[in-house]
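Here's a quick walk through this one, starting with its pockets and ending with a few single residues. Have the viewer open as you read.

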Amino acid sequence: GRLTLTLTRAATTAAGGKHATGKKRTTRLGGTSFAIPPKGTKLVKVQLSKSARTEFAHSKTLKVEVTITTQASGHSAASKTYGLTLHAPKSAGGHS
């Protein structure tokens, strides 16, 4: 299967940073491939892209979409999309 993290935000214009009406900008934050045996489960870790890490530097939470695409042998591919919120890890030792 395949797992993809994306972030969709309102697009901004180059001058002044105002939101453009009706336009959206989608950023791919990371993705990975995985294999799970029938009736099995697996923890899938995703390495965040540089743009995702930059977003975390500005905001401690990101609302993202996770798209999971699976395909069992002999069957057509199936996709499912979930919305979730990612939280930046708290710093060790309580320092900001």
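## Pockets first

The largest pocket comes in at a volume of about 230 Å³. Keep in mind that this is a predicted model. Rolling a probe the size of a water molecule over the atoms shows where empty space is left. Around the largest pocket you'll find G1, F34, A35, I36, P37, P38, K39, T70, Q71 and A72. By type, that lining splits into six nonpolar residues, three polar and one charged.

The second largest pocket has a volume of about 160 Å³. What lines it? L5, V44, V46, L48, V66, Y82, L84 and L86 do. Strand 4 (residues 78-87) provides the largest share of that lining, with three residues. As for character, the lining has eight nonpolar residues, no polar and no charged.

Here are the two side by side:

| Pocket | Volume | Lining by type |
|---|---|---|
| Largest pocket | about 230 Å³ | six nonpolar, three polar, one charged |
| Second largest pocket | about 160 Å³ | eight nonpolar, no polar, no charged |

## The overall layout

Stepping back, the chain has one helix and four strands. Read from the N terminus, the order is β-β-α-β-β. The chain has 96 residues, and 19% of them are buried. If you take contacts between residues at least 6 apart in sequence, 43% of them join residues at least 24 apart.

## The helix and the core

Which residues of helix 1 (residues 50-58) are buried? They are A52, E55 and F56. Seen down the axis of helix 1, these buried residues fall within an arc of 100°, so they line one face of the helix. Turned away from that buried side is a face with the exposed residues K50, A57 and H58.

Two of the helix names come back in the largest nonpolar core, whose eleven residues are L3, L5, L7, L29, F34, A52, F56, L62, V64, V66 and L86. At least two residues of this core come from each of strand 1, helix 1 and strand 3 (61-70). V64, one of the core residues, makes a good landmark: leaving aside residues up to four places away in sequence, V64 touches L5, T6, L7, L29, Y82, G83, L84 and L86.

Some names turn up twice. L5, V66 and L86 belong to the largest nonpolar core, and the lining of the second largest pocket includes them too. F34 is also part of the core, but its pocket is the largest one.

Next, have a look at T4, which sits in strand 1 (residues 2-12). Is T4 buried or exposed? It counts as buried, because its relative accessibility is 18% and the cut-off for buried is under 20%. Not counting residues up to four places away in sequence, T4 is in contact with R28, G30, G31, E65, V66 and T67.

## Back to the largest pocket

Two of its lining residues, P38 and K39, deserve another look. P38 lies in the loop between strand 2 (19-33) and helix 1, and K39 is placed in that loop as well. With 79% relative accessibility, P38 counts as exposed. K39 is exposed too, at 90%.

P38 and A72 are 34 residues apart along the chain, with 8.7 Å between their C-alpha atoms. Both are among the residues lining the largest pocket.

Finally, the backbone. Most residues other than glycine have a negative phi. K39 has a positive one, near 60°.

Technical notes:
Residues numbered from 1 in each chain as written. Predicted model: local features only at pLDDT ≥ 70, side-chain atom pairs only at ≥ 80, totals over all residues. Heavy atoms only, no water. 1 Å grid on protein atoms, 1.4 Å probe; cavity = no way out; pocket = protein on both sides within 12 Å on 5 of 7 lines; lining within 4 Å. Points joined across faces, edges and corners; volume = space filled by probe spheres on them. Nonpolar A, V, L, I, M, F, W, Y, C, P; charged D, E, K, R; others polar. Buried < 20%, exposed > 50% of the residue type's maximum accessible area, 1.4 Å probe, protein only. Arc of directions from axis to C-beta. Contact = heavy atoms within 4.5 Å. Core = buried A, V, L, I, M, F, W, Y, C linked by side-chain atoms within 4.5 Å.
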